[in-house]
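Hi everyone, thanks for making time. I'd like to walk you through a structure that is probably new to most of you, so let's put it up on the screen.

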Amino acid sequence: MRQTLKRGLALTALMAVIAGPVLAQTEERVQLTEYRIESDDCLGCGAVIIRNDLELRNYLNGISTAIEARRSANGVFVGGSASGFARGRFGAADQVVFLDFDAGGEPTFPVCNDDGSVFGVFLDHVYTPEERDEITARIAADYADFGFEIVQEAPLEGEFTTIAFGQNDFPEDCSEGSNITVTATGGVSILFGMADSIDFLNTNRADNAFADASFWEFLSQLDPTGGTFEAFSGLSVADFGGDLTAAVSAAVVNQSANTGAHEAGHIQGLRHQNSFGAPGDGIPDTGAILPTDFVPIFDGPAEASETVLHTMASGASVGLSLEGSTITDRFFSERSAVRLAVNEQTTPVDEAD
C-alpha cells in the first residue's frame, strides 16, 4: 500500500483498479478490439489483456483448471448444500501467519530524493515486547472468525505466511531506492507495505508480505519538536504527556496492525474495492473514485461513508487519510468477510454434485 503526499497534507496516489476497453471506430459502429484488466492492488501483479475469443476461452480455462486443482488437493466430499458449496479441509488455525518484528535487520534506513540522491539516513524503529503483543492481538482479533493463527515465532514445520515488519533495508546511498521518497515539489511518497500476490482461494499458503511503519520515526527524527509528526499522524503529543516517543509508539502500533492485516488480506485475495460499504450504499463518498472509473459507468449512489473504516481501504482507492492508519483500528467489511469465509470453509463443486 503506497501513499503519496503533496503540498502539505493533500493525499494522492495511483488508482487501485483500472478496467476499460480499447475501442476501434469503424464507420458508424464501435467494435471492441481489446479488453485490459489491470490491478495496482499489489505492485507488479501485472495485467490481463484479452484480444479475442480464443484468449478469453484460454483465460477462463486457466481459472477452471486452478479451481479443479484446488478441489482435488482439498479432498472435498460430496454432499453439498443449497449454496453449491461443500466443506473442504479448512478449519480453525489452518492458515498460520508469522509476524516477524525483527525483519528490518539493519539499524538504519535511508530516505531518498526522487532524483536518486540521499535525503537522509534515520534510525529504525525497534518494536518493544509490548508493541509486538498489541499488534499481534489486534491482527488476531481481525482474523479471529476465519481460521487463522497469528504467531510471533516462526513455525518449525508446515506452510505459513510471513508478514515482515520494518523491512526497509536499502543501501544508504539510495542506489536501490527506499520506502520513503521526498519529491522535488516537497511531497513524500510512502510505501507502507506490499504483498506477494492477490491470492483468492488461498492457493499458496506460504506467500508473504511486508509492513513498514518507519515513516513515523522519520518524522520524529526530522523534527524533534513533534510538530511535523502531529501534522501527518493526527495524534497530539500533549495527549501522551508531551512524550514524543510514546506518541510515535502509538502511531507505529496502529499503523503496523492496520497495514499488517491489510497486506495479509491481499494474500487472501482481498482487493481495495472490497472495502466499499456498507453494501447498497454504492461507491465511497470521498470522491477518490468516480462513476466514470468503472466499465460500464456506475450509475448508483456514492454514499458508502463507512468505507474508510474498513481494513482493505487505501488512500488511492477510497480516499483513506494518513490518520486512518494511525488513529483508527480498522475492521473487515462485509465484502471482505465473505471472501475470507470462502477461503476458509469452502471449495466450489458442480451443482449436480
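**A walk from strand to core to loops**

Let's start with a pairing: Q95 stands opposite F148 in β10. Before I go on, please keep in mind that this is a predicted model.

Q95 belongs to strand β7, so let's stay with that strand. Its residues, 95–100, are buried, 6 of the 6, so β7 is largely enclosed by the rest of the structure. Which way do they point? Q95, V97 and L99 go one way, while V96, F98 and D100 go the other. That fits a general pattern: in a regular strand, side chains alternate between the two faces of the sheet.

And who are the partners of β7? With β10, residues 148–151, the pairing is parallel and runs over 4 bridges. Strand β11, residues 161–165, is also parallel to β7, and again 4 bridges join them. Over there, D100 stands opposite A164.

Okay, on to the nonpolar core. The largest one has 48 residues, and F165, F215, W216 and F229 are the ones that touch the most other members. Which helix gives the most to this core? That's α5, residues 244–266, with 10 residues. As a general remark, nonpolar side chains in soluble globular proteins tend to be buried together.

Let's zoom in on F229. Leaving out residues up to four places away in sequence, F229 touches W216, L219, G234, L235, V237, L244, A247, V248 and A251. Apart from the largest core there is another one, made of 6 residues, including I283, I289, A313 and V318.

W216 and L219 take us to helix α3, residues 215–222, which is mostly covered, with 6 of its 8 residues buried. The buried ones are F215, W216, E217, F218, L219 and S220.

Now for some loops. D207 is in the one between β14 and β15. How far away is the nearest side chain of opposite charge? It belongs to R205 and is 8.4 Å away, and D207, although buried, has no salt bridge. What D207 does have is a polar contact of 3.3 Å, side chain to side chain, with S197. Setting aside neighbours within four places in sequence, D207 is in contact with T161, T162, D196, S197, D199 and I267.

Another residue to look at is S333, in the loop between α7 and α8. Buried or exposed? Its relative accessibility is 2%, so S333 counts as buried. Its side chain reaches the backbone oxygen of N274 at 2.4 Å. A polar atom of that S333 side chain also lies 3.2 Å from the backbone nitrogen of S336. Beyond four places in sequence, S333 touches N274, S275, F276 and H310.

Last stop: P171, in the loop between β11 and β12. With a relative accessible area of 28%, P171 is partly exposed. In sequence, P171 and F109 are 62 residues apart, yet their C-alpha atoms are 8.1 Å apart in space. If you skip residues up to four places away in sequence, P171 touches P110 and E176.

That's my tour. If you'd like one thing to look at again, try D207, which is buried and has no salt bridge. Happy to take questions!

How values were computed: Residues are numbered from 1 along each chain as its sequence is written. This is a predicted model: local features need pLDDT of at least 70, side-chain atom pairs count only at pLDDT 80 or more; totals for chains, interfaces and linings use all residues. Side-chain values use heavy atoms; hydrogens and water are left out. A nonpolar core is a set of buried Ala, Val, Leu, Ile, Met, Phe, Trp, Tyr and Cys residues joined through side-chain atoms within 4.5 Å. Buried means under 20% relative accessible area, exposed over 50%, partly exposed in between (1.4 Å probe, protein chains only). Helices (H or I, at least four residues) and strands (E, at least two) are DSSP runs, numbered from the N terminus. Contact means heavy atoms within 4.5 Å. Lys and Arg count as positive and Asp and Glu as negative; His and the chain ends are not counted. A salt bridge is a side-chain nitrogen of Lys or Arg within 4 Å of a carboxyl oxygen of Asp or Glu. A polar contact is a pair of N or O atoms within 3.5 Å; within protein, one must be able to donate a hydrogen and the other to accept it, and residues adjacent in sequence count only if both atoms are side-chain atoms. Two strands pair if DSSP finds at least two bridges between them.
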